[in-house]
Each structure stands twice: as structure tokens, then as C-alpha cells.
Amino acid sequence: MLETEERGKTNSMATLIIITGMSGAGKTLAVQSLEDLGFFCVDNLPPVLIPKFAELIEQSNGKIGKVALVIDLRGREFFTALAESLNYIKDHFTIHSEIMFLDATDSVLVQRYKESRRRHPLAPEGMPLDGIRLERKMLDELKNSATQVIDTSLMKPARLKETIISRFTHLENRMLTVNVTSFGFKYGIPIDADLVFDVRFLPNPHYVETLRPNTGQHSDVYEYVMKWPETQAFLTKLLDMLHFLIPQYRKEGKSQVIIGIGCTGGKHRSVAISEYLGKMLSASETEKVSVSHRDHDRDRH
């Protein structure tokens, strides 16, 4: 009975989302997406004012229940106060707080600056790449403490909005979101992955002519990948590890875990393994599990 009451208290907490990350990675679209979910949003609030804002949230008696604040390098003279302010909130308020960090590769960010003809805030007179590298160095510690990291490198605006809405729609339940994503190593490792597993040691359907055009979502490819003893041994050990790790992440306050499964092209083996993991992890009612495939549609023939 007591456990039920405590869960109810947690679910009724106000929610504070800090939106931050690399300039050009999509913070404007992120805050618009949260506004669509009913969040009260404030852009460029100095971190030193966050505790005062938290007081207003608590004094609203539930009228302000979901808040998103954009904190970026436009207010960099106050930026170092962010961690101190969030720790103060944890110690003095019953507010659930998270940090959502938006990221993208340097090459993608450079391209976005070229297309928009904007200047990077840390390199107003220089090359965008210089500002991007400096900004990444300044934000490295903050990224490591983020509860949500979203890599927008390959995302179109509609996909980014869909991702944010999916991840924050279920905040009231305080469920840990587990995203299993397949990828191809030849296209790079997902920069937002918490765990990465390489399945290139498994027999490759690419070399079976009848299987090559299909992906790991097709039954013939899926069954081919799953039939090998080494596949079954690997999955047994991997699931055992994940069943241990995921509750530890939840205990530490993380709201999402991204598991990357990689093969050479991200089309066959990694897709099949990701589909299997998604199915098995979904059996737990304590996590929200989703499966995505970053590269499975590349090089289709």
C-alpha cells in the first residue's frame, strides 16, 4: 500500500526539462515539440534563476505541471551555474528534473550553418567548425550528465519531433525508455548510444543471394540469423546482461537507455537481433521499449 502511495506521489510531481546541446542541433524544434505536449516553455533562462522558477512551479499548486527551459551558450556567463541550480532543486523541491541534450556530428552542424548562412555564436568572425569544436569541449561534461541525449544528425524535422513526443509523452508514468537501434558500422556508430554491441561475428545473409535484397525484418533473413548456435549463445548472454544493467540505469535516475546493435551495413544481422531484443525486453512492464533501424533502407537493391 505504501509503495502505491509513493508511486502516486512521484507521478504527480511537476516536471522540469532542461533543453540544451550543440548550436544547430535542433533546440528550437525541440521546444516547439514540448509546447505541443502542453509544456510551459521559456527560452534562454539564465541558470541562476532556475531555483526561483522552481519556487513559482511549486507555488502554482499544480497549475504549472510541465515546464521546459532552453539553456544554451547565449547565456554562457551563467552556464556554470546550471549543475548547482539543478542540485539545489533536487535538495529543496519535489520536482522531477531532466536534461535533454541535442547533438549532431561536426560535419552535419557545419552543413547546417552553411545552409542557413548563420554564424556560430562562438566563432562570429571565424570558421563555424572552430566554434563547433570549442562548444563541444565546453559542453562535454554537461552531455555526460544528461538524462536524454538525442542525435539529430540523420533526422529530418518531422522525425525529431516524433522522437521527442514519443520520449516525453509517458513522463507521467516515470517509465524508463529503452530504444534498441540497429546500425551499420560503415556509416558510423550512433553518437547517442549508451551501449553498443557488434554482431559482425555472426554469419552474414549478405552472401546468400536470395536473402541479400531483404532486411532483418523479413522472416527469411530473421530465421537465417537466428538459426546459428553462436547467435543463441550470444543472445542468452546479452539478455542476461541487459536484465542486470537496465534496472541499474533506472535506479540512477536515467529516463532512457539507447542500445546500439551494429553489423557491417545495418541491414541484416543487426536488424534481426534488434527485433529480437525489442520483443524480449518488451515483456517487462517497467520499461517502454521501442525498436528503430537507422540504416536498413540504405543500399537496397
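**Note on a predicted single-chain model**

Strands β6 and β8 (residues 256-263) pair in the parallel sense, and eight bridges join them. The points below concern a predicted model, and they begin with the sheet to which this pair belongs.

1. **The four-stranded sheet.** The order of strands in this open sheet is β7-β8-β6-β9, with parallel pairing. The edges are taken by β7 (195-198) and β9, each of which has a single partner strand, so one side of each is left without a neighbour in the sheet. Direction ignored, neighbouring strands of this sheet are turned by 20 degrees against each other on average. In general, the strands of a sheet pair through backbone hydrogen bonds, either parallel or antiparallel.

2. **Pairings within that sheet.** Besides its pairing with β8, strand β6 pairs with β9 (residues 287-293), again in the parallel sense, over seven bridges. Two positions show how β6 and β9 are aligned: L176 has E287 as its bridge partner in β9, and N179 has S290. On the β8 side, G184 stands opposite C263. Strand β7 is joined to β8 by four bridges in the parallel sense, with L195 opposite I259 of β8.

3. **Burial of β6 and β9.** How far is strand β6 enclosed by the rest of the structure? Nine of its nine residues (176-184) are buried, so β6 is largely enclosed. A regular strand has side chains that alternate between the two faces of the sheet. In β6, L176, V178, V180, S182 and G184 point one way, while T177, N179, T181 and F183 point the other way, and all of them are buried. For β9 the count is five buried residues of seven, so this strand too is largely enclosed by the rest of the structure.

4. **A helix across the sheet.** Helix α9 (residues 229-251) lies across β6, β7, β8 and β9. Relative to β7, helix α9 runs at about 175 degrees.

5. **A second strand pair.** Strand β4 (residues 95-103) pairs with β5 in the parallel sense over four bridges. One point of alignment is L102, which stands opposite I150 in β5. Within β5 (residues 148-151), Q148 and I150 point one way and V149 and D151 the other, and all are buried.

6. **The annotated binding site.** An unreviewed UniProt entry carries the annotation "binding site" for G21, M22, S23, G24, A25, G26, K27 and T28. Two of these residues are considered here. M22 lies in the loop between β1 (14-21) and α2 (27-36), whereas K27 is placed in helix α2.

7. **M22 and K27.** Is M22 buried or exposed? Its relative accessible area is 0%, so M22 counts as buried. K27 is also buried, because its relative accessibility is 9%, under the 20% limit used for that term. Leaving out residues up to four places away in sequence, M22 touches K27, F101, L102, D103, L109, I132, E135, R136 and L139. With its neighbours within four places set aside, K27 is in contact with I19, T20, G21, M22, V70, D72 and L102. Between the two residues, a polar atom of the K27 side chain lies 3.2 Å from the backbone oxygen of M22.

8. **Helix α5.** The buried residues of α5 (residues 106-116) include V108, L109, V110 and Y113. An α-helix has 3.6 residues a turn, so residues three or four places apart point the same way. The buried residues of α5 pack against α6 (128-145). After α5 comes R117, whose phi is positive, near 60 degrees.

9. **A backbone point to check by eye.** N44 is not a glycine, yet its phi is positive, at about 60 degrees. N44 is found in the loop between β2 (40-43) and α3 (50-59). With a relative accessible area of 29%, N44 is partly exposed.

10. **The chain as a whole.** The chain contains ten helices and nine strands. Of its 301 residues, 49% are buried. Among contacts with a separation of 6 or more, 80% join residues 24 or more positions apart. The accessible surface of the chain is about 15600 Å², and carbon and sulfur atoms account for 53% of this surface.

Technical notes: Residues are numbered from 1 along each chain as its sequence is written. This is a predicted model: local features need pLDDT of at least 70, side-chain atom pairs count only at pLDDT 80 or more; totals for chains, interfaces and linings use all residues. Side-chain values use heavy atoms; hydrogens and water are left out. UniProt positions are given in the numbering used here, feature names are shortened, and annotations may be inferred rather than shown by experiment. Buried means under 20% relative accessible area, exposed over 50%, partly exposed in between (1.4 Å probe, protein chains only). Contact means heavy atoms within 4.5 Å. A polar contact is a pair of N or O atoms within 3.5 Å; within protein, one must be able to donate a hydrogen and the other to accept it, and residues adjacent in sequence count only if both atoms are side-chain atoms. Two strands pair if DSSP finds at least two bridges between them. Accessible areas come from the Shrake-Rupley method with a 1.4 Å probe; for residues, only the protein chains shown count as cover. Axes are lines fitted to C-alpha atoms, for helices over the stretch in contact, and angles run from 0 to 180 degrees between N-to-C directions.
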